[in-house]
Amino acid sequence: MQEPLVRIFDTTLRDGEQSPGVSFSLEEKVEIARQLERLGVDIIESGFPQASAGEAAGVAAICREVRTPVICGLARTRRGDIETAARALEGAARSRIHTFTSASRVHLEHMLRLSEAQNLEMAVEAVRLARTHTDDVEFSAQDVARADQDYLLELYTEAVRAGATTINIPDTVGYSTPVEFAGIVRRLREAAEAINPAVVISVHTHDDLGLAAANALAGVEVGAGQVECAVNGIGERAGNCPLEEVVMALITRQDHYGRRLNIRTTELYRTSQLVSKLSGMVVQPNKAIVGAHAFAHEAGIHQDGVLKERTTYEIMRPQDVGVPESRLVLGKHSGRHALRERLLALGYHLADTEFERAFGRFKELADKKRGITDADLAAIVQSEVVAAAPEVCRLDYFHVLSGTTVLPTATARVTVGDVSRQESATGGGPVDALYLAIDRAVGQEFRLLDYSLRAVTGDRDALGEVTVRLRDAAGRSSIALGTSTDVIEASARAYMAAVNKLLSLPEGSAAPEASVPAGERQV
Ligand code: KIV
Ligand code: ZN
């Protein structure tokens with residue numbers, strides 16, 4: 001007999017996008033959804049269509065482009081939300097409406113301003129209405145761990161009676177502990193299955209106390225058949241349950257959990273890298289499963305052990321999660337054929353124009369760096385090909401002067417259409433001076449919200465990868481990356497890519513954060 005399935009419900013594009021400063025464009029959402037499909041997730045929560053027209057368009061685009069997983073749209077327990085979600089999901093091969101409210105008194109009194117009875121009535125109405133649009137309806141009540149447990153039971157059992165086919169149990173503020181959370185899940189599961197034995201129990205955990213994965217796994221141990229999670233654990237505050245952690249725990253400890261998944265684990269690393277690049281949220285080196293050090297052995301005793309027998313210190317193999325081997329693969333004499341083959345082996349199926357851009361960048365890099373590793377290739381392709389913005393303005397050249405005895409000074413020439421402008425500026429450091437010079441040449445001021453730099457590999461001639469987050473005068477923000485062996489050039493590339501993203505937004509488009517009234521977007 002087959003083990004029971006745990007469905008992976010990915011919410012990177014909805015809850016994950018609620019990470020401070022993260023906002024995916026429509027193309028980026030589709031790109032991530034396609035990768036999630038390759039990864040084999042069962043359900044993709046593609047957005048909250050009522051939030052804005054752009055959000056609804058993103059959900060509709062994913063429905064058109066991604067056909068294997070169920071595509072889910074979020075809706076409050078309001079008629080308008082449910083109807084908007086249903087419209088956005090119309091083109092899906094399989095769709096789900098996820099309607100949610102809150103369960104705790106603090107949410108009901110201060111945020112929703114509803115009595116328990118009003119809230120219950122709205123929840124039942126919402127589930128019934130959602131069922132008129134699709135047979136697949138999920139119901140959630142936020143903040144289960146701080147809720148009155150008798151009210152919680154009543155709310156969930158009424159939602160199942162009204163036709164909810166999945167009940168999701170969210171520890172919205174990451175307050176619960178594994179044993180306590182398992183108790184809540186067990187009680188709700190027993191009551192729900194008494195009404196509908198086919199109902200799926202789902203867990204949705206947040207990481208405020210660092211317990212998101214532990215709590216989700218505790219839920220699985222008492223019968224949850226769905227885990228809601230986000231790639232790299234991105235999301236509100238400390239984030240959501242990290243998809244890669246819960247997946248590898250269930251697989252590596254299959255002997256303990258006795259569950260089955262539909263996930264292709266060899267796609268985990270690539271998915272993590274894509275989400276990191278497009279969200280601008282760097283993966284910490286010691287992050288479980290996908291961090292740069294997750295499979296690195298430093299101590300002599302550990303290295304000795306692993307060389308003698310890998311399993312002495314490794315419970316998973318890097319290739320199981322798709323970590324590329326860091327061997328030297330290509331150099332400046334390698335041609336198009338070799339590059340195409342290597343990119344295909346790394347899982348990049350590029351269109352001809354994208355491939356030509358990748359080849360151009362590869363040749364530039366090969367002139368400066370002796371051996372190009374798989375990690376280098378992944379960095380240039382992800383940041384400058386897959387996530388590239390249309391080039392509204394071009395940086396023709398720049399010069400930077402810096403050192404211990406000079407005032408950092410930069411000159412940059414930028415071309416917009418057929419107009420070129422050269423400007424100079426001084427700043428607190430070379431990057432500051434350069435960004436000021438670029439702003440002057442572009443003729444607009446951008447606010448630098450975030451800047452980070454990392455070395456892609458460990459060598460002295462390593463590729464530097466810069467991530468920047470910018471805001472324009474209209475309050476719209478963008479994130480972009482740039483890579484080069486010269487960190488000032490990487491900084492310039494990242495800045496220009498972020499500027500181009502902002503300049504290619506439709507005229508007058510609102511700041512993503514401003515499109516939903518405060519308190520309504522943060523669900
Ligand atoms: O954390 C939460 O409670 C949520 C719900 C919308 C499920 O994200
Ligand atoms: Zn959440």
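Reader: How are the donor residues of the zinc ion (ligand 2) spaced in sequence?

Author: The pattern reads D-x188-H-x1-H. Keep in mind that this is a predicted model. The zinc ion (ligand 2) has Asp15 (OD), His204 (NE2) and His206 (NE2) around it, at 2.0 to 2.1 Å.

Reader: What makes those atoms count as donors of the zinc ion?

Author: The cut-off is 2.8 Å from the metal for N, O and S atoms. Asp15, His204 and His206 coordinate at 2.0 to 2.1 Å, so they pass that limit.

Reader: Where do Asp15 and His206 sit along the chain?

Author: Asp15 is in the loop between strand S1 (7–10) and helix H1 (26–39), while His206 is in the loop between strand S7 (200–205) and helix H8 (212–221). With their positions 191 residues apart, this pair links distant parts of the chain. Asp15 and His206 are both buried.

Reader: Helix H1 came up just now. What makes Glu17 and Lys29 a salt bridge?

Author: Their side chains meet at 3.9 Å, N to O. The limit for a Lys or Arg nitrogen and an Asp or Glu carboxyl oxygen is 4 Å, so the pair qualifies. In general, side chains of opposite charge can pair when their charged atoms come close. Glu17 is in the loop between S1 and H1, Lys29 is in helix H1, and they are twelve residues apart.

Reader: Why are Glu17 and Lys29 called buried?

Author: Buried means under 20% relative accessible area. Glu17 has 5% and Lys29 has 4%, so both names fit the definition.

Reader: Which residue of H1 pairs with Lys501?

Author: That's Glu28. Lys501 belongs to helix H17 (residues 487–503), and the two are 473 residues apart. Their side chains meet at 2.9 Å, N to O, which is within the 4 Å limit, so this is a salt bridge too.

Reader: Are Lys501 and Glu28 buried or exposed?

Author: Buried, in both cases. Lys501 has a relative accessible area of 17% and Glu28 has 9%; the buried class runs under 20%, so each belongs there.

Reader: How do you know that H1 and helix H2 cross?

Author: The axes of H1 and H2 (residues 53–65) come within 9 Å and cross at roughly 40°. The crossing is right-handed. Leu26, Lys29, Val30, Ala33 and Arg34 in H1 meet Glu55, Ala57, Gly58, Ala61, Ile62 and Glu65 in H2. By kind, the residues of this contact split into six nonpolar, one polar and four charged.

Reader: What makes Asp208 and Arg237 a salt bridge?

Author: Their closest N and O atoms are 2.6 Å apart. That falls within 4 Å, so the definition is met. Asp208 lies in the loop between S7 and H8, and Arg237 lies in the loop between strand S8 (226–229) and helix H9 (243–252), 29 residues away.

Reader: Why are Asp208 and Arg237 called partly exposed?

Author: Partly exposed covers the range between the 20% and 50% cut-offs. Asp208 is at 31% and Arg237 at 44%, so both fall in that range.

Reader: What is notable about the phi of Arg237?

Author: The phi of Arg237 is positive, about 50°, although Arg237 is not a glycine. Most residues other than glycine have a negative phi. Asn232, in the loop between S8 and H9, also isn't a glycine and has a positive phi of about 65°. At 13% relative accessibility, Asn232 is under the 20% cut-off, so Asn232 is buried.

Reader: How many salt bridges does a search of the whole structure find?

Author: The search finds 39. There's also a network of salt bridges that links Arg361, Glu364, Lys368, Glu489 and Arg493.

Reader: One last residue: why is Ala130 called buried?

Author: Its relative accessible area is 0%, and buried means under 20%, so the label follows. Ala130 is found in helix H5 (residues 116–131).

Reader: Which residues is Ala130 in contact with, leaving aside its neighbours within four places in sequence?

Author: Ile82, Ile97 and Val137. Contact means heavy atoms within 4.5 Å, so each of these has a heavy atom that close to one of Ala130. As for Ala85, its C-alpha is 9.2 Å from that of Ala130, and the two are 45 residues apart in sequence.

Notes
Residues numbered from 1 in each chain as written. Chains lettered and ligands numbered in written order. Predicted model: local features only at pLDDT ≥ 70, side-chain atom pairs only at ≥ 80, totals over all residues. Heavy atoms only, no water. Donors = N, O, S within 2.8 Å, 3.2 Å for Na, K, Ca; no water. Helix = DSSP H or I, 4+ residues; strand = E, 2+ residues; numbered from the N terminus. Buried < 20%, exposed > 50% of the residue type's maximum accessible area, 1.4 Å probe, protein only. Axes fitted to C-alpha atoms, helices over the stretch in contact; angles between N-to-C directions. Left-handed = near helix turned anticlockwise from the far one by under 90°. Nonpolar A, V, L, I, M, F, W, Y, C, P; charged D, E, K, R; others polar.
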